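Me: I am new to this structure and should like to understand it through a series of questions. Please show the sequence and the model before we begin.

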Amino acid sequence: TALPIWKSWFSLVQRYFFTSFPRRQLSSAVQEERSLPGCPLCRNGLQKFGYKDVLLLSQFLSPDGLLLGRRQTGVCEKMHRRIVKTIRMSRKRGLLPNFKPRHEKAEKCTE
């Protein structure tokens, strides 16, 4: 049960926005995280990944199977586009689940 790559960044953002610490303490914590260059994928050297890397790609999906946003994961725009593209590829090949939302109207019509 390894933590997702973006978890440390997200917990830092949560601390920044949802706590009542003095401003000086917050800015130093955020400053340390921002001093590291790039997004979590670029920073850890995970530039090359493909549609077969299901464990990596599943970290960017919610339990419902929906994609998590850039703000929540903290990845750069370029890597987010690559993640979206590779998740679509792996869904087409059947490696990742492809949940489609069910409409309530369709369920009511069949009853």
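Me: Is Thr86 buried or exposed?
Reply: This is a predicted model, and the values discussed here are computed from it. In it, Thr86 has a relative accessible area of 8%. Because the limit for burial is under 20%, Thr86 counts as buried.

Me: In which helix is the place of Thr86, and from which residue's backbone oxygen does a polar atom of its side chain lie 2.8 Å?
Reply: Thr86 has its place in helix α6, which covers residues 77-92. Leaving aside residues up to four places away in sequence, Thr86 touches Phe49, Gly50, Tyr51 and Leu57. A polar atom of the Thr86 side chain lies 2.8 Å from a backbone oxygen, that of Arg82.

Me: How many helices and how many strands does the protein chain have?
Reply: From the N terminus on, the order of elements is α-α-α-α-α-α-α. The count for the protein chain is therefore 0 strands and 7 helices.

Me: What percentage of the residues of the protein chain count as buried?
Reply: The protein chain exposes about 8700 Å², and carbon and sulfur atoms supply 54% of that area. Among contacts between residues at least 6 apart in sequence, 61% join residues at least 24 apart. Of the 111 residues, the part that counts as buried is 26%.

Me: Which element gives the most residues to the largest nonpolar core?
Reply: In soluble globular proteins, nonpolar side chains tend to be buried together. The largest nonpolar core here has 12 residues in all, including Cys39, Phe49, Leu61, Met79 and Ile87. Two or more residues of this core come from each of α4 and α6. With 3 residues, the element that gives the most is α6.

Me: Which residues does Leu61 touch, not counting those up to four places away in sequence?
Reply: Leu61 is one of the residues of the largest nonpolar core, and so is Ile87. With residues up to four places away in sequence left out, Leu61 touches Leu66, Leu67, Leu68, Ile87, Arg91 and Leu96.

Me: Why is there no disulfide bond between Cys39 and Cys42?
Reply: Cys39 is buried, at a relative accessible area of 3%, whereas Cys42 is partly exposed, at 27%. A disulfide requires two cysteine sulfur atoms within 2.5 Å. The cysteine sulfur closest to that of Cys39 belongs to Cys42 and is too far for a bond, because the distance is 3.3 Å.

Me: How many salt bridges does the count come to, and which residue forms one with Glu77?
Reply: Glu77 and Arg81 are 4 residues apart in helix α6, so about one helical turn separates them. Glu77 is partly exposed at 45% relative accessibility, and Arg81 is exposed at 52%. The closest N and O atoms of the pair are 3.7 Å apart, and the cut-off for a salt bridge is within 4 Å. The count comes to 1 salt bridge, and the partner of Glu77 is Arg81.

Me: How far apart in space are Asn44 and Ile5, C-alpha to C-alpha?
Reply: Asn44 lies in the loop between α3 (40-43) and α4 (54-58). The side chain of Asn44 reaches the backbone oxygen of Pro40 at 3.1 Å. Asn44 and Ile5 are 39 residues apart in sequence, and their C-alpha to C-alpha separation in space is 8.8 Å.

Definitions and conventions:
Residues are numbered from 1 along each chain as its sequence is written. This is a predicted model: local features need pLDDT of at least 70, side-chain atom pairs count only at pLDDT 80 or more; totals for chains, interfaces and linings use all residues. Side-chain values use heavy atoms; hydrogens and water are left out. Buried means under 20% relative accessible area, exposed over 50%, partly exposed in between (1.4 Å probe, protein chains only). A polar contact is a pair of N or O atoms within 3.5 Å; within protein, one must be able to donate a hydrogen and the other to accept it, and residues adjacent in sequence count only if both atoms are side-chain atoms. Contact means heavy atoms within 4.5 Å. A salt bridge is a side-chain nitrogen of Lys or Arg within 4 Å of a carboxyl oxygen of Asp or Glu. Accessible areas come from the Shrake-Rupley method with a 1.4 Å probe; for residues, only the protein chains shown count as cover. A nonpolar core is a set of buried Ala, Val, Leu, Ile, Met, Phe, Trp, Tyr and Cys residues joined through side-chain atoms within 4.5 Å.
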